[in-house]
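The following paragraphs lead through selected features of one model, from ring contacts to the surface that faces nucleic acid.

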2 protein chains.
Amino acid sequence: MASIFKEIGTKDKEKLLKELEAIKMFFNKNSSLLERISKSNLIGILKFGSVQIIRTDYNGNVIIISDLREGDIFSTKFSLLDNAEYDIIAKEDSEIIFIDYDYILNINQKKSIYYQKFLINFINIMGEMIYYQNKRINVLTRKTTREKLLEYFYNESRKRYSKTFKLDFNLTELAEYLSIDRAAMMREIKHLKEDKIIEISNGKLTMLN
Amino acid sequence: MASIFKEIGTKDKEKLLKELEAIKMFFNKNSSLLERISKSNLIGILKFGSVQIIRTDYNGNVIIISDLREGDIFSTKFSLLDNAEYDIIAKEDSEIIFIDYDYILNINQKKSIYYQKFLINFINIMGEMIYYQNKRINVLTRKTTREKLLEYFYNESRKRYSKTFKLDFNLTELAEYLSIDRAAMMREIKHLKEDKIIEISNGKLTMLN
DNA sequence: CTGTTAGTGTTGCATTTGCAACTTTTTTGA
DNA sequence: TCAAAAAAGTTGCAAATGCAACACTAACAG
């Protein structure tokens, strides 16, 4: 997996963070990030914890747009935070480093090796983001609940090189991630169990056959 | 809109393309790109024409994953082309410049100004790609056909600063883009007309009120 | 230890959706 | 210019989905 500081030594990393005027912030579990940061143009690097970008519809429906873990990166510019339905929530106690996006592209030390590396790391991470968004679109464009579930499970299984794995989400969140009704999803999961396609118990899923 | 050669002069651009071993290719309308390019690791820059990345399900259902126009960029690495359901189709006669992704990050002239600019342009374009994918996810995660249509129309209207605009897609393609049944979409469009929320005739849409 | 909250699991029912099968209209290219 | 293909438009119907409203269990905080 790509990392934003890959192949950059500790000293260079410190220098870089200083030049970029990086700010480290701590967020308590279940708090909203948007109350404390500007929405305009920041890159967030998740040091530890977990964070979700969510959308809450006018009818109270919650959709998980992004689910971020340690090392993941998000952008306030490229996410749709101007949309009032959107929010960013720390799901656990989390520490995040914020960098102004414009500073990344307008640093003084453009010729330094560590800046070159940083830019390339940044590009690789953006590439990964695009890839995972495509995966997500690939799931969301499936027509039926069953297909969405199977596509998601199949992806997770491949990602972990195992037919049995722990789900990243609880079942309520899974429905929010797949943008389907939770009750309908539970019904379909029951069918998948009955058809002996999956087994699932306390957060652990097994794909049969 | 970001451009990959922004602020790079003609001569530097030529030098750059040579160093990157860029290859220019022409594709006839309705031909598949995958028959002629490697799937592994290319960046495609659409000089002119239009191109779609599509997925065809086992049941023959077509979904438009990306719709690309002049100046747009796509990647064979970050798209899901290892998935046999995927294909890239030239919708019109198109010319595309291909660059190997790895060359972009491993060029000799790393310290040249035009390479700096190129990298920054590349980052800005990737940012745009992420933004538009988020827009797409924002539409696809709407639960009903009506909400998907309205969210899409609303976005287009804002993008063009006008309540009346020409649709990028014909109606068959629009259903493929929104991943909904065409007949169900037609039904819902009829309702939207009856409810005096939109007007639509030969590819031109108006949002009322 | 225990009351409260969050998450799981289930069901009935109305609504929406997808599918199949058409007709009509428009576009295209030989 | 006209036949064929593509796109638009429509409908009935079965199936899938969302919604509301539950009961039950697990997790958590005071």
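In chain A, Arg36(A) lies over the face of Phe27(A), 4.6 Å from the ring centre; a charge sits over a ring if NZ of Lys or CZ of Arg is within 6 Å of the ring centre and within 35 degrees of the ring normal. In chain B, Arg36(B) lies over the face of Phe27(B), also at 4.6 Å from the ring centre. The model is predicted, so local features need pLDDT of at least 70 and side-chain atom pairs pLDDT 80 or more, whereas totals for chains, interfaces and linings use all residues. Residues are numbered from 1 along each chain as its sequence is written, chains are lettered from A and ligands numbered from 1 in the order written, and side-chain values use heavy atoms, without hydrogens and water.

Ring pairs link Phe5(A), Phe78(A), Tyr101(A), Phe118(A) and Phe122(A) into a cluster; rings of Phe, Tyr and Trp (its six-membered ring) pair if their centres lie within 6.5 Å.

The protein also approaches DNA strand C, with 18 residues around the strand, and Leu171(A), Thr172(A), Thr144(B), Thr145(B) and Asp181(B) come nearest; near means a heavy atom within 4 Å. A backbone N or O atom of Leu171(A) lies 3.0 Å from a phosphate oxygen of DNA strand C, and a backbone N or O atom of Thr145(B) lies 2.8 Å from a phosphate oxygen of that strand. The side chain of Arg187(A) places an N or O atom 3.3 Å from a base oxygen of DNA strand C. Of the strand atoms within 4 Å of the protein, 47% belong to sugar or phosphate and the rest to bases.

Notes
Polar contact = N/O pair within 3.5 Å; in protein donor to acceptor, adjacent residues only side chain to side chain. Phe/Tyr/Trp six-rings, centres within 6.5 Å; stacked < 30°, edge-to-face > 60°.
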